[in-house]
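The exercises below are to be worked through with the sequence and the 3D structure at hand. Each task is followed by a solution in steps.

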Amino acid sequence: MKNRVSLKWKIGRTLLLFGVLVIALLFLFQLILLEPMYEHSKIKAVKAISESIADKIEDDELTSEYLSQAQMQSDTCIRVFQSDSYVMSEGDFRGCPMLKPDELNEMIANAAADEDGEYLSKTNTDLMPAGGEGFRNIFFTKLVEDDDDAIKAIVIVSAGIAAVNAATNALSNQLLYIGAIMVVLTLLLTLMLNRQIAVPLARINESAKHLPEGSYEIDPKTNGYREAQELNETLQQAAADIQKADKAKRDLIANVSHDLRTPLTMISGYGEMMIDLPEEKTDENIQVIIDESKRLNALVNDLLDLSRMQEKKITLQKEVFSLSDMISSEMRKYDVYRMQDGFTIEEEIEPGLTAEGDSSRLKQVFNNFMTNAIHYSGERKHIIVRVRKEQDGIRTEVQDFGEGIDEKDIANIWDRYYKVDKEHVRVSSGSGIGLSIAREILELHRARYGVNSVKGQGSTFWFILPLHKA
Ligand code: ADP
């Protein structure tokens with residue numbers, strides 16, 4: 001399922017959720033848990049004090065100064081009853097919660113019933129402090145026994161638990177303010193993050209949407225973070241590639257239609273002429289029709305080949321064969337250029353070099369290099385073909401001394417439909433796909449290949465096949 005919530009809203013929602021969570025936590029701790037936590041800490045305090053007083057009594061070290069100090073420091077009220085000497089009574093400390101005799105008796109009785117001689121009780125007082133709330137007292141009663149298990153002293157430590165309602169009221173007001181501030185902050189943060197994260201993405205997205213319409217202009221700046229900038233650069237690269245492919249496709253259609261139309265015109269023209277003028281039905285004219293049909297056939301085959309190769313539908317028919325013999329025999333095809341067109345074609349072919357591969361596909365590569373060399377060799381009409389053993393394999397190269405290739409074009413000539421000369425003037429040669437077919441074949445062979453060329457001085461196209469060791 002597609003997630004269609006915009007990033008802007010996602011950021012806002014997440015931040016708001018976070019704010020609500022923080023406020024809920026504050027509320028929980030401040031308002032709901034405050035009282036129980038407060039009471040718990042008071043109980044811990046009274047228990048600790050009665051523990052230390054009991055220790056003093058056991059060691060017979062209890063003094064009234066110690067008691068007064070303990071009372072003051074811990075904000076508690078301490079009563080100690082001892083059988084022989086009375087240390088402190090309720091009147092001794094102002095503000096001590098009152099205890100009725102029967103309440104006192106009940107506490108002592110409960111402590112006596114306890115295994116450890118301890119008893120914790122809570123009472124609500126009728127005293128009304130300023131807030132108008134009654135507050136509670138906790139009493140911790142501890143019996144101190146002597147060595148004969150007789151009660152030596154009774155310690156009662158009490159503390160008031162002030163009503164926290166007034167505090168919680170103040171806190172809940174505070175929480176309201178905090179909540180309001182959080183909402184405003186969330187909005188501001190959302191706006192800020194939106195500008196920094198969502199806006200650059202939205203802009204890149206907008207540019208991407210226009211690509212299919214053929215608008216390849218992409219603003220190079222995103223004003224965003226690194227990832228957005230990188231995404232934008234990737235998109236720019238993709239746009240440039242699509243633009244190039246688009247242009248190449250249009251060029252191809254133009255070139256191919258041109259290349260198809262010329263032989264077709266020749267074929268139909270010659271055919272019609274032979275019908276109209278029976279004396280023109282000569283062998284030469286019929287040969288023209290045959291040659292043009294062959295050229296058409298070759299062109300269509302090339303196109304089919306390339307598309308099959310690019311879809312990886314072609315498998316190599318590999319065999320071990322003599323590369324030297326194959327190239328030497330292919331060279332005979334070009335003798336006609338020597339004889340008729342004044343070409344100087346030198347052969348430097350080391351004999352007996354064996355390679356493994358699809359010989360008919362490799363022939364195709366070599367012939368493409370040769371026809372290009374002938375086509376682009378210019379006035380010099382000088383070509384050298386070399387096949388020689390090198391450290392890492394057999395190198396086959398075709399060198400011409402013609403027009404050469406501009407450095408900026410070298411990387412592109414192996415691409416589909418790429419033509420250096422923008423004017424499509426040739427009919428006899430291919431449609432700019434010869435080298436891309438050669439590339440596919442060489443890559444299927446995992447051969448190394450390339451071209452060395454200097455503009456105006458000529459080019460050397462080469463490939464290196466691994467040497468086959470018998
Ligand atoms: P084409 O059918 O146009 O020759 P190729 O794929 O064989 O197609 O070559 C692609 C382009 O590479 C050519 O259009 C040409 O510009 C350049 N090229 C190929 N071989 C040579 C060469 N020997 N000298 C100069 N340019 C060459």
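Ring pairs link Phe369, Trp414, Tyr449, Phe461 and Phe463 into a cluster, where rings of Phe, Tyr and Trp (its six-membered ring) pair if their centres lie within 6.5 Å. The model is a predicted one, in which local features need pLDDT of at least 70 and side-chain atom pairs count only at pLDDT 80 or more, while totals for chains, interfaces and linings use all residues. Residues are numbered from 1 along each chain as its sequence is written, and side-chain values use heavy atoms, with hydrogens and water left out.

**Exercise 1. Classify the ring pair of Phe369 and Phe461, and place both residues in the chain.**

Step 1. The search of the whole structure returns seven aromatic pairs. For Phe369 and Phe461 the ring centres are 5.3 Å apart and the planes stand at 45°, so this pair is tilted; planes under 30 degrees apart would count as stacked and over 60 as edge-to-face.

Step 2. Phe369 belongs to helix H10 (residues 359-376) and Phe461 to strand E11 (residues 458-465), so that the pair links parts of the chain 92 residues apart. Helices (H or I, at least four residues) and strands (E, at least two) are DSSP runs, numbered from the N terminus.

Step 3. Phe369 has a relative accessible area of 2% and is buried, and Phe461, at 7%, is buried as well; the term means under 20% relative accessible area, with exposed over 50% and partly exposed in between (1.4 Å probe, protein chains only).

**Exercise 2. Which residues touch the most other members of the largest nonpolar core?**

Step 1. A nonpolar core is a set of buried Ala, Val, Leu, Ile, Met, Phe, Trp, Tyr and Cys residues joined through side-chain atoms within 4.5 Å. The largest has 42 residues, and those touching the most other members are Leu323, Ile327, Met331, Phe369, Met370, Ile383 and Phe461.

Step 2. Helix H10 gives the largest share of this core, seven residues. A second, separate core has 19 residues, including Ile43 and Leu62.

Step 3. If residues up to four places away in sequence are not counted, the residues that Leu323 touches (heavy atoms within 4.5 Å) include Leu353, Val387, Ile394 and Leu465.

**Exercise 3. Determine how strands E8 and E9 are paired, and what sense E8 adopts with E6.**

Step 1. Two strands pair if DSSP finds at least two bridges between them. E6 (residues 344-349) and E8 (residues 382-390) pair in the parallel sense over six bridges, with Val385 as the bridge partner of Glu347.

Step 2. Between E8 and E9 (residues 393-400) the pairing is antiparallel, over eight bridges; here Lys389 stands opposite Ile394, and the two strands form a hairpin with two residues between them.

**Exercise 4. Which side chains of strand E7 are buried, and which are not?**

Step 1. E7 (residues 354-357) has alternating side chains: Ala355 and Gly357 point to one face and are buried, whereas Thr354 and Glu356 point to the other and are not.

Step 2. E7 pairs with E5 (residues 319-322) in the antiparallel sense over four bridges, and Thr354 is the bridge partner of Ser322.

**Exercise 5. Compare the span of helix H6 with its expected value.**

Step 1. The expected span is 1.5 Å times one less than the number of residues. For the 51 residues of H6 (residues 226-276) this should give 75 Å, and the end C-alpha atoms are 74 Å apart, which agrees.

Step 2. Among the buried residues of H6 are Ala228, Asn232, Leu235, Asp259 and Met274.
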